[in-house]
Amino acid sequence: MQVHVADHPLISHKLSLLRDQATSSPQFRALTSELVALLAYEATRNIRVEPREITTPVSTMLGTRLAEPRPVVVPILRAGLGMLEGMVQLLPSAEVGFLGMVRNEETLEPSVYAERLPENLSNRQCFILDPMLATGGSLLQAIDFIFDKGATDVTAVCILGAPEGLAAIEKATAGRDLTIVLGALDEKLNEQGFIVPGLGDAGDRLYGTVG
Ligand code: PRP
């Protein structure tokens, strides 16, 4: 597993605004998109490309285009949906699959409640979007789901991570081609499974509280 923690002043600046409890939902959504576009730049560093001959107004040259099959972006509902716009700004030709997951608030056990993914993901580069990597349970289940459909090359883009969750994922995915790109690696989890200092519940801050 490869882990990349962003190190860029613009990311820290936007992340600080996102963490601030005074930031409203509309601002939170806009900032999430901007942040993801910056993280996507790093997450797509190894995206597959192929040569393509092009003609400029001056001469011909060997350019580059994204290789087929196209990459697949998978936001984890609900909060991952807030990251989709920023990601497809950079990868407009990507296919988008959806995975709906929710944690039991007491046990923190995740479960899948919706799935719309291509049946066969072999030979597809997959990008999972989920803002929070807390215990790692949700991301791990999503990663397993995607590897079970034949994917071999998976990158997860998360805005915040906790060391406990990262360690759990590392242990459970040994030997797999997995990259995790984080906006920041925070200090720890608290007793409720929230990232500290964190930003609270990303789903609620994006979309409000649902019962
Ligand atoms: C949050 C978050 C992640 C998950 C992280 O989702 O968006 O999916 O928890 O926690 P974990 O690493 O401990 O599994 P939540 O279950 O709150 O659902 P939501 O996105 O619908 O708000």
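Student: Is K14 buried or exposed, and what is its relative accessible area?

Tutor: Good place to start! Keep in mind that this is a predicted model. The idea is to compare a residue's relative accessible area with a cut-off: under 20% counts as buried. K14 has a relative accessible area of 15%, so K14 is buried.

Student: Which helix holds K14, and which residues does K14 touch beyond those up to four places away in sequence?

Tutor: K14 sits in helix α1. Setting aside residues up to four places away in sequence, K14 touches L31, E34, L35 and L38. For E34 we can add a distance: the C-alpha atoms of K14 and E34 are 8.0 Å apart, with their positions 20 residues apart along the chain.

Student: Which other residues of α1 are buried?

Tutor: Helix α1 runs over residues 9-19, and its buried residues are I11, K14, L15 and L18. To read such a pattern, look at where the residues point around the axis. Here they cover an arc of only 105 degrees, which means that they lie on the same side of α1.

Student: What covers those buried residues of α1?

Tutor: The cover includes two helices, α2 (25-43) and α6 (202-207), together with the strands β10 (153-161) and β11 (178-185).

Student: Let's move to the loop between β11 and β12. Where is D186 found, and why does D186 count as buried?

Tutor: D186 is in the loop between β11 and β12, the latter being residues 188-189. Its relative accessibility is 8%, so D186 counts as buried. With a buried acidic residue, one checks for polar partners: the side chain of D186 makes a polar contact with the side chain of R19, at 2.7 Å. Leaving aside neighbours within four places in sequence, the residues in contact with D186 are R19, L160, G161, P163, I195, V196, P197 and G198.

Student: And E187: buried or exposed?

Tutor: E187 is found in that loop between β11 and β12 too, yet E187 is exposed, with a relative accessible area of 56%. Not counting residues up to four places away in sequence, E187 touches P163, V196 and P197. For a sense of distance, E187 and L62 are 47 Å apart, C-alpha to C-alpha, and 125 residues apart in sequence.

Student: How should I read the ligand site? Which residues come nearest?

Tutor: Begin with the surrounding residues, then look for polar pairs. There are 14 residues around the ligand, and R103, D130, T135, G136 and S138 come nearest. Three polar pairs involve an oxygen atom of the ligand. A polar side-chain atom of T135 is 2.5 Å from a ligand oxygen; for a polar backbone atom of A134 the distance is 2.9 Å; and for an N or O atom in the side chain of R78 it is 3.0 Å. Taken alone, the ligand exposes 500 Å², and the protein buries 92% of that.

Student: Finally, how does the radius of gyration of the whole chain compare with that of a compact globule?

Tutor: A compact globule with 211 residues would have a radius of gyration near 17 Å, and the protein chain has 17 Å, so the two agree. Along its principal axes, the C-alpha trace spans about 60 × 35 × 30 Å. The protein chain has 6 helices and 13 strands, and 45% of its 211 residues count as buried.

Student: What share of the contacts join residues at least 24 apart?

Tutor: Among contacts between residues at least 6 apart in sequence, 69% join residues at least 24 apart. As for the surface, the protein chain exposes about 10800 Å², with carbon and sulfur atoms supplying 51% of it.

Note on methods: Residues are numbered from 1 along each chain as its sequence is written. This is a predicted model: local features need pLDDT of at least 70, side-chain atom pairs count only at pLDDT 80 or more; totals for chains, interfaces and linings use all residues. Side-chain values use heavy atoms; hydrogens and water are left out. Buried means under 20% relative accessible area, exposed over 50%, partly exposed in between (1.4 Å probe, protein chains only). Helices (H or I, at least four residues) and strands (E, at least two) are DSSP runs, numbered from the N terminus. The arc is that of the directions from the helix axis to the C-beta atoms. Contact means heavy atoms within 4.5 Å. A residue is near a molecule or strand if one of its heavy atoms lies within 4 Å of it. A polar contact is a pair of N or O atoms within 3.5 Å; within protein, one must be able to donate a hydrogen and the other to accept it, and residues adjacent in sequence count only if both atoms are side-chain atoms. Accessible areas come from the Shrake-Rupley method with a 1.4 Å probe; for residues, only the protein chains shown count as cover. The radius of gyration is taken over C-alpha atoms; the globule rule is 2.2 Å times the number of residues to the power 0.38.
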